[in-house]
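Okay, thanks for making the time, everyone. Let me put the model up and walk you through it.

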Amino acid sequence: MIEYTYGWVYSIICNDTKKVIYVGSTTCIQSRQELHKHKTNCLSGIGYNKPMYQYIREHNGFHNICFKINWRETIESRRDLLEQEQKIIDTYPNGLLFNKN
């Protein structure tokens, strides 16, 4: 069982367009950033052909995005984290370019 301590909700923003392209959540922000980088750059990776990672590559690659921490709090469960993530996703009335829904 995962022991939850801190949860992060973050946005991925394209520096060129200044658009938020994704909102996600994690309990380990560093490893999550590394996973997004891997999915962007690893040709044989599972996520390589997903539209979000294609968009990142088309806009000068992973070094041209930034991560913004929207929320960081102690959490008791994954459900708490996902609820907070959804609240932040809901603040984008026109939706995001790429997100799960």
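To start, in which helix is Gln84 found? Gln84 is in helix H3, residues 78-89. Before I go further, this is a predicted model, so local features need pLDDT of at least 70 and side-chain atom pairs count only at pLDDT 80 or more, while totals for chains, interfaces and linings use all residues. Residues are numbered from 1 along each chain as its sequence is written, and side-chain values use heavy atoms, with hydrogens and water left out. As for helices and strands, they are DSSP runs numbered from the N terminus, H or I of at least four residues for a helix and E of at least two for a strand.

Back to Gln84, then: buried or exposed? Gln84 counts as buried because its relative accessibility is 18%; buried is under 20% relative accessible area, exposed is over 50%, and partly exposed is in between, using a 1.4 Å probe and protein chains only. Leaving out residues up to four places away in sequence, Gln84 touches Val9 and Trp71, where contact means heavy atoms within 4.5 Å. Ile89 lies in H3 as well, and Ile89 is buried, with a relative accessible area of 7%. If you want a ruler on the screen, the C-alpha atoms of Ile89 and His36 are separated by 18 Å, and these two residues are 53 apart along the chain.

Now the sheet. We have 3 strands in an open sheet, ordered E2-E1-E3, with antiparallel pairing; strands pair if DSSP finds at least two bridges between them. E2 and E3 stand at the edges with a single partner strand each, so one side of each has no neighbour in the sheet. From one strand to the next, the twist averages 20 degrees. On angles, axes are lines fitted to C-alpha atoms, for helices over the stretch in contact, and the angles run from 0 to 180 degrees between N-to-C directions.

How many bridges join E1 to E3? There are 9, and E3 covers residues 65-74. One place to look is Gly7, which stands opposite Glu73 in E3. On the other side, E1 and E2 are joined by 6 bridges and run antiparallel. Going along that pairing, Tyr10 is opposite Gly24, Ser11 is opposite Val23, and Ile12 has Tyr22 as its bridge partner. The hairpin of E1 and E2 has 5 residues between the strands, and Lys18 there takes a positive phi near 60 degrees.

Both of these strands are mostly covered: 8 of the 9 residues of E1 are buried, and for E2 that is 7 of 7. As for the helices, H2 lies across E1, E2 and E3 at about 125 degrees to E2, and H3 also lies across E1, E2 and E3, at about 165 degrees to E2.

What about the cores? A nonpolar core here is a set of buried Ala, Val, Leu, Ile, Met, Phe, Trp, Tyr and Cys residues joined through side-chain atoms within 4.5 Å. The largest has 14 residues, and the members touching the most others are Ile12, Ile21, Tyr22, Met52 and Ile56. Strand E1 (6-14), strand E2 (20-26) and helix H2 (51-58) each supply at least two residues of this core. Apart from it lies another core of 9 residues, including Val23, Trp71, Leu81 and Ile88.

Last stop, the rings. The structure holds 5 aromatic pairs, meaning Phe, Tyr or Trp rings (the six-membered ring for Trp) with centres within 6.5 Å; planes under 30 degrees apart are stacked, over 60 are edge-to-face, and the rest are tilted. Tyr10 and Tyr22 make a tilted pair, because their planes are at 45 degrees, with the ring centres 6.2 Å apart. Tyr10 is in E1 and Tyr22 in E2, so the pair ties together parts 12 residues apart in sequence. Tyr10 and Tyr22 are both buried. Phe62 and Phe67 form another tilted pair, at 6.1 Å centre to centre and 50 degrees between the planes. Phe62 counts as buried at 16% relative accessibility. Ring pairs link Tyr10, Tyr22, Phe62 and Phe67 into a cluster.

And which ring does the charged end of Arg57 sit over? That would be Tyr48, with the charged end 3.6 Å from the ring centre. Similarly, Arg72 lies over the face of Tyr6, at 3.8 Å from the ring centre. The cut-offs for a charge over a ring are NZ of Lys or CZ of Arg within 6 Å of the ring centre and within 35 degrees of the ring normal.
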